[in-house]
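This report reads a single protein chain together with its bound ligand. The sequence and the coordinates come first, and the commentary comes after them.

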Amino acid sequence: MSELSVLRVADVTKQYHLPTTIVSKLLHSKNEHTGLTALDGIELQLNKGEILALVGESGSGKSTLAKILVGSTAPSSGEIEYNGSPIPSRRDKADSRRIQMVFQDPYSSLNPRIPVGSMLRELLLLHKIVPRNEVRSESIRLLNLVGLEEDALDAYPNQFSGGQRQRIAIARALSVRPDVLIADEPVSALDVSVQATILDLFSELQRELGLSILFVAHNLAVVQHLSQRVAVMYLGRIVEVAETAELFKNPKHPYTRALIESIPRMSAESVNDEFQLEGEPPSPFDVPAGCRFNPRCPWAVSSCRVTDPRLIPISPRHESACLRADELDDPRGTAAAISTA
Ligand SMILES: Nc1ncnc2c1ncn2[C@@H]1O[C@H](COP(=O)(O)OP(=O)(O)OP(=O)(O)O)[C@@H](O)[C@H]1O
Ligand code: SF4
Ligand SMILES: [Mg+2]
């Protein structure tokens, strides 16, 4: 483990078991599958003080991993380490305080019946963050930190706009002085006009508080100027991890290449555009043999239908799970790759 790691995900797997009737309806058949593997052998490290982006198509397992990291869902196997020590599956108050979540939808994540000041007060006292006589000043400090004024203390969440509510949700997460924020698509429910201001807030919080942030997004364009590193997910696996500039310049997995190539087709302003890749969308009920990306991969060769590639280093600080990673900078490009398949 690197000395810089604040969180480490070690061989984490998550299976969901579904009643047969629901599964049958989903599959429109009498298929006998009763479980799906949402995460399969995830290895990932969040370094101290960095923003790490987690990007992938819908259903790839991003939220499942986020929930496991904050302890709201237990992994089926594997471990989460915090500062080099395993976090117990039943987290105590101190363990759960250190890793906080910011959700996608600030409308449903805040209780509409509790004024902002009371919400912050309750957390500050529960976790003994400051003495009782400093609760008000600490609450004001938190609001200022996220760009809100003191008068927000007496207001209810429904008196705010979406962007302001997300700021309140971030203040709530920060109130217990976490080391790590897990942000699961925190701007995708917001108006396009306020998305950039909330992204800027995450950058400021990283700089000013030294927070480590895992930032989940659909759209690679959103994280290009926000994150220091990117992890790309596909069907329950991390398929590529690299520093952001390196990933954009030199992608070493065909899925990452497709994500990057799709950026010009998406509108520059919105984070809600979802990348669409040709071919059947992946089903966690029916994971292809060999490389799970092979049915959609223009670079696939016969060995890809047999060998299941795992994430391996291809250069310092750059890992890929592709059997042909070394050939991907071939200037002949994708068309030539298809003809070799
Ligand atoms: N509670 C659950 N019970 C059963 N299956 C689940 C559950 N939660 C998630 N899944 C399944 O696990 C897989 C991963 O889901 P997850 O929500 O983690 O993906 P995601 O990458 O966050 O997708 P999105 O971008 O749409 O938010 C999907 O196939 C999903 O249907
Ligand atoms: S291993 Fe083969 S199928 Fe998988 S991404 Fe690489 S080239 Fe494509
Ligand atoms: Mg999700």
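The text below moves from the chain as a whole to the ligand site, then to a group of helices, and last to some individual residues.

## The chain as a whole

The structure is a predicted model, and its chain contains 11 helices and 12 strands. Of the 341 residues in the chain, 52% are buried. When contacts between residues at least 6 apart in sequence are considered, 69% of them join residues at least 24 apart. The surface that the chain exposes amounts to about 16200 Å², and carbon and sulfur atoms supply 50% of that area.

## The site of ligand 1

Ligand 1 is surrounded by 15 residues, of which Ser58, Gly59, Lys62, Ser63 and Thr64 are the closest. Sorted by class, this shell holds five nonpolar, seven polar and three charged residues. Strand E2, which spans 35–47, and helix H2, which spans 62–70, each supply at least two residues of the shell, and the largest share, three residues, comes from H2.

Oxygen atoms of ligand 1 take part in the polar contacts collected in this table.

| Residue | Part of the residue | Distance to an oxygen atom of ligand 1 |
|---|---|---|
| Ser58 | N or O atom in the side chain | 2.5 Å |
| Ser60 | backbone N or O atom | 3.2 Å |
| His218 | polar side-chain atom | 2.9 Å |

Taken alone, ligand 1 exposes 630 Å², and the protein buries 68% of that area.

## Helices H4 and H5 and their surroundings

Helix H4 covers residues 116–126, and its buried residues are Val116, Gly117, Met119, Leu120 and Leu124. Seen down the axis of H4, these buried residues fall within an arc of 165°, so they line one face of the helix. They pack against two other helices, namely H5 (135–145) and H6 (162–175).

In H5, the buried residues are Val135, Glu138, Ser139, Ile140, Leu142, Leu143 and Leu145. The cover over these residues includes H4, H6 and helix H7, the last of which runs over 192–209. H5 is followed by Gly147, which has a positive phi near 85°.

Lys128 comes just after H4 and belongs to the loop between H4 and H5. Although Lys128 is not a glycine, its phi is positive, at about 50°. Is Lys128 buried or exposed? With a relative accessible area of 70%, Lys128 counts as exposed, because the limit for that class is over 50%.

A second residue other than glycine with a positive phi is Arg317, where the value is near 65°. Arg317 is found in the loop between strand E11 (312–315) and strand E12 (318–320), and it is exposed as well, with a relative accessible area of 52%.

## Three further residues

Asn111 lies in the loop between strand E6 (99–102) and H4. Its relative accessible area is 35%, and Asn111 is therefore classed as partly exposed, between the limits of 20% and 50%. The side chain of Asn111 reaches the backbone nitrogen of Arg113 at 2.9 Å. In sequence Asn111 and Pro157 are 46 residues apart, while in space the distance from C-alpha to C-alpha is 7.3 Å.

Tyr82 lies in strand E4, which comprises residues 77–82, and is buried, with a relative accessible area of 11%. Which residues is Tyr82 in contact with, leaving aside its neighbours within four places in sequence? They are Val6, Leu7, Ile87, Arg98, Ile99 and Asp179. For one of these, Val6, the separation along the chain is 76 residues, and the C-alpha atoms of Tyr82 and Val6 are 5.6 Å apart.

Ser203 has its place in helix H7, the helix that also forms part of the cover over the buried residues of H5. Ser203 has a relative accessible area of 16% and is thus buried, because that class takes in values under 20%. Once its neighbours within four places in sequence are set aside, Ser203 is in contact with Ile51 and Leu226.

Definitions and conventions
Residues are numbered from 1 along each chain as its sequence is written. Chains are lettered from A and ligands numbered from 1 in the order in which they are written. This is a predicted model: local features need pLDDT of at least 70, side-chain atom pairs count only at pLDDT 80 or more; totals for chains, interfaces and linings use all residues. Side-chain values use heavy atoms; hydrogens and water are left out. A residue is near a molecule or strand if one of its heavy atoms lies within 4 Å of it. A polar contact is a pair of N or O atoms within 3.5 Å; within protein, one must be able to donate a hydrogen and the other to accept it, and residues adjacent in sequence count only if both atoms are side-chain atoms. Accessible areas come from the Shrake-Rupley method with a 1.4 Å probe; for residues, only the protein chains shown count as cover. Helices (H or I, at least four residues) and strands (E, at least two) are DSSP runs, numbered from the N terminus. Ala, Val, Leu, Ile, Met, Phe, Trp, Tyr, Cys and Pro count as nonpolar, Asp, Glu, Lys and Arg as charged, and the others, Gly among them, as polar. Buried means under 20% relative accessible area, exposed over 50%, partly exposed in between (1.4 Å probe, protein chains only). The arc is that of the directions from the helix axis to the C-beta atoms. Contact means heavy atoms within 4.5 Å.
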